[in-house]
Structures are given as structure tokens and as C-alpha cells.
Amino acid sequence: MAAFVVIVVLFWGLCIFCTALLRWNELKYRKKGLPPGTMGWPVFGETTEFLRQGPSFMKTQRSRFGSFFKSHILGCPTIVSMDPELNRYILVNEAKGLVPGYPQSMLDILGKCNIAAVHGSAHKYMRGALLSLISPTMIKDQLLPKIDDFMRCHLSNWDDKIIDIQQKTKEMAFLSSLRQIASSEASSISQEFMPEFFKLVLGTLSLPINLPNTNYHRGFQARKNITSLLRKLLEDRRASTENQQDMLGILLGEENKYKLSDDEMIDLIITILYSGYETVSTTSMMAIKYLHDHPKVLEELRKEHMAIREKKKPEDPIYYEDYKSMRFTRAVIYETSRLATIVNGVLRKTTRDMDINGYVIPKGWRIYVYTREVNYDPHLYPDPFTFNPWRWLEKGLDNQHHFLIFGGGTRQCPGKELGLAEISTFLHYFVTKYKWEEVGGDKLMEFPRVEARNGFRIRVSNQ
Ligand code: HEM
């Protein structure tokens, strides 16, 4: 009996303590002018609910507090914005003090000259340097031929095999970019480079605790190894008299108007590899999944690609005009990005106290421009949970200002066309060569990242 009383007292004591702690934390943030919302536990905030419940946590909070609310997630006091007009406002107003707000681990590992870490004129310059490497003319004359050549090789010999399409698309995204950056060295350095790059990626998504055996520590080590590999590459290129037609060749070329230091070049190369890696690979994997589940869409897509192939000899590559003519393919990629929500949103940070939407957002707070829900808005996308690429053809492929899968404003994705060209070329060779079926049993995680924890296996055979 006494033990029972002790347990009851302890239980109630704990309840009262927890309630007091939560209340104290709410009071701490009850500054005049902040949007409504809850802040959860001291230090941890509402991170557990956010990660565990994902999109439904966001929807619950929106139904309680509206489309602009406060929370405390991933270690920071954060404003979540789910209002399309406000989201646009936030994305176009970097000059007023709304700069990228990515986690410290990401900035540390990607380098201090990384595009997300620089603002104002430094950002303009780095972005200009990047755009000069991936402009439509560059895609047409230099990058697409490399992508084509790479895809043919990467997709050869898959016949009669069970492959993990998640792993294959990850390797594809990395190796294809490496070939565009350093075409002649790519094959000799890729074995050493690729595992380091995968460690770097894991490090950017980890807690910034620099202890041995943590992903952050491994990511940092990987950055060091990658940096010395790239430094050596730059040295060799400078010593060589050959003029290479690839991104390094342009960066080091006399006629390039963007003069970058070695540190800047290295961070830019890491940016290119990193930014196009998960986005391109996950979209490609999910396209394969949706095409498998929707035979009518696959049939239409195949028709588009067979028509291109029929006009060519087997060894002829995909030209820029072919890529531009792939309207249905583009619709498939957009519909895949929408339905799978490859990008849930983007992060910003206030550099001073700011008035937004009638509230005062303190300096240093994160703003999560959460765009996921727009993808499932039935007014914008009737029958939103159906995979229907035709909807994009009806509405005009690139005239949809609410579609923020490539971001918006000053930081809008500069690699959009390059990414689309890579995925389109991959789909071209895949659907014209192969048919496939899922092996089954592989689970896909939808949030916070689209991922198959144990891989995504398909059985591939020749068409
Ligand atoms: C399907 C493919 C892709 C998707 C869905 C995608 C998505 C995005 C999004 C949403 C942003 C905005 C980030 C923000 O506002 O903070 C962004 C920025 C960026 N993307 Fe992409 N991206 C893709 C492919 C690529 C590729 C292939 C590259 C390679 C060069 C690339 C390079 C970048 C860079 C450098 C930025 C930062 C731009 C800046 O801060 O000015 N992306 N991307």
C-alpha cells in the first residue's frame, strides 16, 4: 500500500514538474509581438514531435495557430511559414535581412565560401561564377554530351539483375557531376572520392558534436580529404599545358571573368556535387517507383523516348533539342517532385529584429519556409494524391509560381535545368532499354527526407 502511495505521489510530482517546466519555457518566449505557437521543452523544444509526426505535426499546429506560427525545432527557436504569399515575401527579401539559415554542421562541412554561407555581393559573385559553369549554352555544348556518355555507360549491363535503384541513382548523381567537373580525371579519382563524399553528406545532416565516431566528425575528416584531393587536382591542372573542356577548365581559364581563389573554387565544386546529389538521385528513384506503379504513364513516357530514338542511330547521343522536346518527361519529373515532396521547404534566418505579417521576429530566429502542403492543395492540384503528369501539360509546364520545388527569389535553384537534363537522360536510357519490377518489401520513408532505409530493389530485364 505504502509503495503504491509513493508511486502515485512520484507520478503526480513528475506531472506537476513537467507542466511547470513547459509553462516556464512558454513564458520565457512570451515576448510581445511573436506569432502564436508552442515552444515545447527547454533545449529540445518540439523536435521529437516534429521528427516523429512530421507533416501531421505541421498540420496540427496550423489548425491551432494558423499558417504562421512559432515553435522550437532542431535546436533553434523557429517560425514556421505555410502561407504561400508570405513564403514568397520571405524568399525575395534576403536584402532586408532574411538570409539562408542552414544548420551549423552543414555550413562547417561545406566550407565558408559555400554559396549558402555567403550573402550580399559575395553571394552574387559566387552565384555568377556557378551560373557561368551551368548556363544553357554550357549544358548544350559541354555538359549534356558528358551526361549522355556517362548514362549509357552507367546503365549498361543491368539486364537480368536485381539492383538497388537507390544506390544506383546516388552513384549516378555523384559520378555524373564529377565527370562534368573533371572529365579526364573522374574515373581515376572516383573510387577514392565517392566514399569520402558520402561521409561528407552524412556529416552535414548530423548534430555538430565533434567527437570521434560521430557522423559530424567523420564528415569533417571527409571534407579534409576531399579538399586535399581537389587541391592536388588544381595543382596538376595548372602544371598541365592541355586545355580541358570541363568545369575545372573553365574555372582555371584565362578568359573566365570570375577569378576565384583556390579555397573558393574548392567550395564551389563541393557545392555543385552536394546540391545536385540528393535532389537528382531521389527524384530519379521516385520516378522509377511511380512509373512502375502507373503503367499508362510509363507507356506515354516510353512513346516520347522511342520517338526520339527512332530518328537516331543506336550510337547517337541525346542532343539539347531532344532534351528540350521531352515535354512529357518534364511533366513526369515535376509530378514526381510534387507527389513525393523531394524538398519540404527551405530555411532562412533573421539577421535583425524584423516585422513580418504584423509580428516581430527576433534577430537570429530561424524561419522554416515550409512548402510541402502546397503540393497537396486540391485547389491547385485536383485529386492531389494521384500521380498525374498530364496535369502539368494542361496548366503550362513552367508557369506555376506556387510550385516551389526549386525554391524561389534570390536563391532559386541555379541547377534546375542541369538537374532536369540529368534526370531526363537517365529516364531516356532506362525506359528505352529496360523493363522492371519491384522485388518487394522495401519501405520508403517520406519525412524528413525521402529515403529507403534498406535500399529499394528492382529486378531489371531487357525490353
Ligand atoms: C531535381 C533537382 C533539384 C532540386 C529539386 C533542387 C532544389 C533546390 C532548392 C529548393 C533550392 C533553394 C534553396 C534555398 O532557397 O535555400 C536550391 C538551391 C540551389 N541548388 Fe538546387 N535543386 C536541384 C538540382 C540542383 C543541381 C543539379 C545543382 C548543381 C549545380 C543545384 C545547385 C543548387 C545551388 C548551388 C543552390 C543554392 C543557390 C543559392 O544559394 O544561390 N541544384 N535547389
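Two strands are said to pair here if DSSP finds at least two bridges between them. Helices (H or I, at least four residues) and strands (E, at least two) are DSSP runs, numbered from the N terminus. The model is a predicted one, in which local features need pLDDT of at least 70 and side-chain atom pairs count only at pLDDT 80 or more, while totals for chains, interfaces and linings use all residues. Residue numbers start from 1 along each chain, following the sequence as written.

By that pairing rule, three strands make an open sheet in the order E4-E10-E9, with antiparallel pairing. Strand E4 (161-164) and strand E9 (434-438) sit at the edges with a single partner strand each, so one side of each has no neighbour in the sheet. On average, neighbouring strands of this sheet are turned by 35° against each other, direction ignored; axes are lines fitted to C-alpha atoms, for helices over the stretch in contact, and angles run from 0 to 180 degrees between N-to-C directions. Four bridges hold E4 and strand E10 (residues 457-462) in antiparallel register, and lysine 161 has valine 460 of E10 as its bridge partner. Helix H8 (residues 165-181) lies across E4 and E10 and runs at about 65° to E4. Contact between two residues is taken to mean C-beta atoms, placed from the backbone, within 7 Å.

A second open sheet has five strands in the order E1-E2-E8-E5-E3, and its pairing is mixed. Strand E1 (68-73) and E3 are the edge strands, each pairing on one side only. Here too, the average turn between neighbouring strands is 35°, direction ignored. Going across the sheet, E1 and E2 run antiparallel and are joined by six bridges, with lysine 70 partnered by isoleucine 79 in E2. The hairpin of E1 and E2 has two residues between the strands, and leucine 74 takes a positive phi near 50° in it. Next along, E2 and E8 pair in the parallel sense over four bridges, and serine 81 stands opposite valine 369 in E8. E8 is also joined to E5, by five bridges and in the antiparallel sense; leucine 347 has tyrosine 368 of E8 as its bridge partner. At the far end, three bridges join E5 to E3, again antiparallel, and valine 99 is matched with lysine 349 in E5.

Two helices lie across this sheet. Helix H3 (residues 55-65) lies across E1, E2 and E8, and runs at about 135° to E1. H4 lies across E1, E2, E3, E5 and E8, at about 125° to E8. So which residues of helix H4 (residues 84-92) are buried? They are Asn87, Ile90 and Leu91, where buried means that 20 or more other C-beta atoms lie within 10 Å of the residue's own, exposed means 12 or fewer, and partly exposed falls in between, with C-beta atoms placed from the backbone. Those three residues cover an arc of only 95° around the axis, which puts them on the same side of H4; the arc is that of the directions from the helix axis to the C-beta atoms. An α-helix has 3.6 residues a turn, so residues three or four places apart point the same way. The cover over the buried residues of H4 includes strand E2 (76-81), strand E3 (98-100), strand E5 (345-350) and strand E8 (366-370).

The ligand has 26 residues around it, and the closest are Ser275, Gly276, Gly407, Cys413 and Gly415. A residue is near a molecule or strand if its C-beta atom, placed from the backbone, lies within 6 Å of it. The elements that give two or more residues to this shell are helix H6 (120-134), helix H12 (262-275), helix H13 (277-293) and helix H18 (416-433). By type, the shell divides into 15 nonpolar, nine polar and two charged residues. Ala, Val, Leu, Ile, Met, Phe, Trp, Tyr, Cys and Pro count as nonpolar, Asp, Glu, Lys and Arg as charged, and the others, Gly among them, as polar.

Two other helix residues round off the picture. Leucine 131 lies in helix H6 and counts as partly exposed, with 13 C-beta neighbours inside 10 Å. Leucine 131 and lysine 395 are 264 residues apart in sequence and 28 Å apart in space, C-alpha to C-alpha. Isoleucine 16, found in helix H1 (residues 2-28), is exposed because 10 other C-beta atoms lie within 10 Å. The C-alpha atoms of isoleucine 16 and glutamate 300 are separated by 62 Å, and the two residues are 284 residues apart along the chain.
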